[in-house]
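Colleague: Please give me a close reading of a single part of this model, with its neighbours and its surroundings explained as you go.

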Amino acid sequence: MDPTVALELRVDRGSPVPLYFQLSQQLEAAIEHGSLTPGSLLGNEIELAARLGLSRPTVRQAIQSLVDKGLLVRRRGVGTQVVHSRVKRPLELSSLYDDLAAAGRRPTTTVLVNTVVPASAEIAAALGIAEGGDVHRVERLRLAHGEPMAYLINHLPPGLLDLDTAQLEATGLYRLLRAAGITLHSARQSIGARGATATEAERLGEADGAPLLTMCRTTYDDTGRAVEYGDHTYRPSRYAFEFQLLVRP
């Protein structure tokens with residue numbers, strides 16, 4: 001059965017908003033809210049166009065816009081299928097693992113590197129340790145429903161806690177810090193975008209040079225001590241940062 005049949009899809013022909021965009025917004029909202037679940041197959045474009053009184057090119061354009069966003073995929077011999085909703089992460093002191101788990105996204109982790117390395121000048125400055133001193137480096141690939149979402153590189157001061165690879169793959173880093181009695185209090189972070197390196201592209205399943213979201217964050221405990229420096233990259237088709245702006249009086 002076509003899952004869109006159960007949806008209340010409507011278009012306003014008197015609106016200045018293009019009809020294809022009205023339809024794509026309604027389908028995107030249905031995906032975000034779980035009305036169209038991952039794996040769902042959309043019905044025939046002709047049938048959907050007839051039901052809404054739209055032309056087939058209009059319906060095709062609406063669907064293509066969601067394919068371009070990574071929410072839908074066209075599979076030969078199968079049809080148009082819902083991939084997943086985009087993760088919208090609030091700009092607050094939370095971990096990707098916790099955000100995915102709260103959204104019901106079944107997060108999994110592959111630990112790629114778990115070792116001690118000399119601190120670079122940048123890492124040393126962020127963590128307040130001597131340049132060249134020991135620092136713990138962890139590289140992880142975070143997945144949701146088995147699909148790569150983010151490539152995470154974290155550095156922590158030595159001796160802070162036992163970073164066991166099995167535990168890092170079973171849960172989130174912030175959960176391990178809290179379990180060790182460390183109270184996370186605040187963070188400084190910057191968000192940006194750049195092209196994927198060859199390594200990032202391979203690990204995230206993107207083309208070399210594809211645009212990626214970036215986040216650098218230094219996290220502090222309740223004593224003001226820097227306990228973690230993260231350098232993360234995210235697939236923009238699967239992930240977005242969300243925040244609220246207030247007007248200054």
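**Strand β9 and its place in the sheet**

Modeller: Thr 219 stands opposite Glu 228 in β9, and this facing pair is a convenient place to enter the strand. The model is predicted, so local features need pLDDT of at least 70 and side-chain atom pairs count only at pLDDT 80 or more, whereas totals for chains, interfaces and linings use all residues. Residues are numbered from 1 along each chain as its sequence is written, and side-chain values use heavy atoms, with hydrogens and water left out.

Strand β9 covers residues 226-234 and runs antiparallel to β8, residues 211-221, to which eight bridges join it. Strands here are DSSP runs of E with at least two residues, numbered from the N terminus, and two of them pair if DSSP finds at least two bridges between them. Met 215 likewise stands opposite a residue of β9, namely His 232. The hairpin of β8 and β9 has four residues between its strands, and there Gly 224 takes a positive phi near 90°.

Strand β9 also pairs with β6, residues 147-156, again in the antiparallel sense, over six bridges. Here Asn 154 stands opposite Gly 230 in β9. In general, strands of a sheet pair through backbone hydrogen bonds, either parallel or antiparallel.

These pairings belong to an open sheet of six strands in the order β4-β5-β6-β9-β8-β7, with antiparallel pairing. At its edges stand β4 (107-118) and β7 (184-195); each has a single partner strand, and therefore one side of each is left without a neighbour in the sheet. Neighbouring strands of this sheet are turned by 15° against each other on average, direction ignored; the axes are lines fitted to C-alpha atoms, and angles run from 0 to 180 degrees between N-to-C directions.

The surroundings of β9 complete the picture. Eight of its nine residues are buried, so β9 is largely enclosed by the rest of the structure; buried means under 20% relative accessible area, with a 1.4 Å probe and protein chains only. To draw this together, β9 is joined to β8 by eight bridges and to β6 by six, and it lies between these two strands in the order of the sheet.

Notes. Buried means under 20% relative accessible area, exposed over 50%, partly exposed in between (1.4 Å probe, protein chains only).
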